[in-house]
Amino acid sequence: MVPKTRLGIAKVVVFCLLALPLVLLGVDVWREVQLPGSAFGPDPTEEVLHYLGQWGLRILLLTLAVSPASRLLRKPRFVRFRRMMGLWAFSYIVLHFAAYLLSNAGNSFEVILASTIHKVSFAVVGFYALLMLVPLAVTSTRGWQRRLGPGWRKLHRLVYPAALAAWIHLLWLSKGDFMDPLIYGLVLVLLFGERIVFRIRKERRATAANAV
Ligand code: HEM
């Protein structure tokens, strides 16, 4: 059993670490406002968009890594950080979407949304990934967990297609440079692979126990 205060401190540390990229971005935006060109290149919105997309995907994958890490390292308390991490991933992705809207600021919201949804592009896959994450963020509280019962776990499996869609989004927009999709893809394969192996073992154990 870990003392409550130690867990509380660990939560604050994880919170601060996850907030750090946003704080650093805030500092850069402030520097840019003070002196244009001092923090970003010629297209600040584009840079902010990329930065937030990268961090959104990183934290999403980190969130997915919590359960395998807790199993492999036999530290069940790691799962206590999962909700906070998922919410941070969602926040970065929402801000990434906001930066996308800002980069299209000349157009009306309806035009941007219509072109995002109907145009077959990397953006539409990203948009679907974001849509899949919305119910997860909304139902992340303990109250919703209780209300939905076993359905909560089923609903939260949406995180897998969402992560896959986010990866396809990245692969689609990588024009010729496939290093990032390769690395993120490898991480996804490992994370999904561990879950498949874990399920197979669990079912085998259950079958063996029933046979006794
Ligand atoms: C789960 C949701 C999403 C994730 C994890 C995600 C992640 C990413 C990542 C990692 C990049 C590449 C950044 C880089 O190359 O440095 C990116 C780029 C981009 N994303 Fe997303 N994204 C998501 C949803 C969206 C949505 C909803 C939109 C807009 C509808 C969007 C629009 C874009 C655009 C316009 C780019 C830049 C494309 C370019 O380089 O031309 N993304 N995203």
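Here a biologist and a modeller talk through the ligand site and the pockets of this predicted model.

Biologist: What makes His50 a polar contact of the ligand?

Modeller: A polar side-chain atom of His50 lies 3.0 Å from an oxygen atom of the ligand. The cut-off for a pair of N or O atoms is 3.5 Å, so this pair counts.

Biologist: And why are Gln54 and His96 put in that group?

Modeller: For Gln54, a side-chain N or O atom is 2.9 Å from a ligand oxygen. For His96, the partner is a ligand nitrogen, at 2.8 Å. Both pairs are within 3.5 Å, so both are polar contacts.

Biologist: Which residues come nearest to the ligand?

Modeller: Of the 22 residues around the ligand, they are His50, Gln54, His96, His169 and Lys175. By class, that shell has 13 nonpolar, seven polar and two charged residues.

Biologist: Why is the ligand said to sit in the second largest pocket?

Modeller: The ligand takes up the space of that pocket, which means that more than half of its atoms lie within 2 Å of the pocket's grid points. The pocket holds about 800 Å³ of space. Among its 32 lining residues, Gly53, His96, Phe122, His169 and Leu173 lie nearest the centre. Helix 2 gives the most to this lining, with eight residues.

Biologist: What makes eleven residues in the lining of the largest pocket count as charged?

Modeller: Asp, Glu, Lys and Arg form that class, so Arg82 and Arg153, two of the residues closest to the centre of the largest pocket, belong to it. The lining also has 17 nonpolar and seven polar residues.

Terms used: Residues numbered from 1 in each chain as written. Predicted model: local features only at pLDDT ≥ 70, side-chain atom pairs only at ≥ 80, totals over all residues. Heavy atoms only, no water. Near = heavy atom within 4 Å. Polar contact = N/O pair within 3.5 Å; in protein donor to acceptor, adjacent residues only side chain to side chain. 1 Å grid on protein atoms, 1.4 Å probe; cavity = no way out; pocket = protein on both sides within 12 Å on 5 of 7 lines; lining within 4 Å. Points joined across faces, edges and corners; volume = space filled by probe spheres on them. Helix = DSSP H or I, 4+ residues; strand = E, 2+ residues; numbered from the N terminus.
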